[in-house]
Amino acid sequence: MITANKRNLISGETQCSRDISNKSNEISPLRSVSLRFCRNDNNHHPFIFSLLSFILIFTTLSTKSQAFYGGIALGGVTSQVDGDHNDGFHKVGFTAGAFVGLELNDIFDAQFEIKYIQKGSKASADDPTQFTIRLDYVELPLIASANLGFFNINGRKLDWISVEAGASVDVLAHTNQQNNGANEASNRWKRFCVNGILGLKFNVIEKKLQIGTRIITSINSAYAGNYLQALRFGQWGAFNDVLELVAYYRF
């Protein structure tokens, strides 16, 4: 069983001058320290204003051009932080926002989104510590999609399915940690994080209403600390992984 002191990998740091090559071979034991609760003081009014402006501008564009479209998105996510010892997508959250797209041709679309998304991790139900990390971001994805209408099965075209790939930038909006029911927090989470995205989108009502499922994974470490726990793309750190299910409604 993972001991409680391993739960505090995000809190307090020592030996910052140790060479990173030594850390890749030998990770120092995690030290348990007391943490004071801190809350991100940024309010969400700028995000709400930006979101409403985004919807207004691109709704206008979508009505003036058949190539442009805009809409809103709402859905749920499950997530984990690779590197915190809480294996599994136990953390549940939501995502919501708006999007604008451009139909390049009958096959390819490009879509830009602005969404609020809840990431983080949570210990499994049988873990007595119930350690939880909450990471809320403003997410800015740029997605390219390809409609599969050029494929057919038994004479039926797959034009109701699209494949998606892209990247996103996350801007940290709020953090919080809980361990054994007590609030903990850390200012060591990075303000910005870059992600890779793969997904599928299904037409429910032609293109008016679509359901999309995505895998979103951090390319760079979301944590600025020196407790190196997971190796990804040649770097040690803590990385967000998300499974997302979202409904997209076009205006």
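Here is a short chat about strand E4 and its surroundings in a predicted model.

Student: Before we begin, what should I know about the numbering and the cut-offs?

Tutor: Residues are numbered from 1 along each chain as its sequence is written, and side-chain values use heavy atoms, with hydrogens and water left out. Because the model is predicted, local features need pLDDT of at least 70 and side-chain atom pairs count only at pLDDT 80 or more, while totals for chains, interfaces and linings use all residues.

Student: Which strands pair with E4, and over how many bridges?

Tutor: Strands here are DSSP runs of at least two residues, labelled E and numbered from the N terminus, and two strands pair if DSSP finds at least two bridges between them. Strand E3 (residues 108-122) pairs with E4 in the antiparallel sense over 13 bridges, with Gln111 opposite Ile143 in E4. On E5, Leu172 stands opposite Tyr137. The pairing of E4 and E5 is also antiparallel, over 19 bridges.

Student: Which residue takes a positive phi in the hairpin of E4 and E5?

Tutor: Look at the loop between strand E4 (132-153) and strand E5 (156-179); this hairpin has 2 residues between the strands. The residue there has a relative accessible area of 81%, so it counts as exposed (over 50%; buried is under 20%, partly exposed in between, with a 1.4 Å probe and protein chains only). Its phi is near 55°, and the residue is Asn154.

Student: Is Arg134 of E4 buried, partly exposed or exposed, and what is its relative accessible area?

Tutor: Arg134 is found in strand E4. Not counting residues up to four places away in sequence, Arg134 touches Lys91, Lys119, His174, Thr175, Asn176 and Gln178, where contact means heavy atoms within 4.5 Å. Arg134 is partly exposed, with a relative accessible area of 31%.

Student: Which element gives the largest share of the largest nonpolar core?

Tutor: A nonpolar core is a set of buried Ala, Val, Leu, Ile, Met, Phe, Trp, Tyr and Cys residues joined through side-chain atoms within 4.5 Å. Of the 17 residues in the largest one, Ile117, Leu135, Tyr137 and Trp189 touch the most other members. Strand E1 (68-82), E4 and strand E7 (192-205) each supply at least two residues of this core. The largest share, 4 residues, comes from E4.

Student: How many residues are in the other core that lies apart from it?

Tutor: Among the members of that other core are Tyr69, Ala73, Phe99 and Tyr248. The core holds 5 residues.

Student: What is the volume of the largest cavity?

Tutor: On a 1 Å grid over the protein atoms alone, a cavity is a set of points where a 1.4 Å probe fits but cannot get out. Points are joined across faces, edges and corners, and a volume is the space filled by probe spheres set on them. By this rule the count comes to 2 cavities of 30 Å³ or more. The space in the largest is about 140 Å³.

Student: Which element gives the most to the lining of that largest cavity?

Tutor: Lining residues have an atom within 4 Å of a point, and 16 residues line the largest cavity, with Asp109, Ser145, Ser162, Gln210 and Arg250 the closest to its centre. E3, E4, E5 and E7 each supply at least two residues of this lining. With 4 residues, the element that gives the most is E4.

How values were computed. 1 Å grid on protein atoms, 1.4 Å probe; cavity = no way out; pocket = protein on both sides within 12 Å on 5 of 7 lines; lining within 4 Å.
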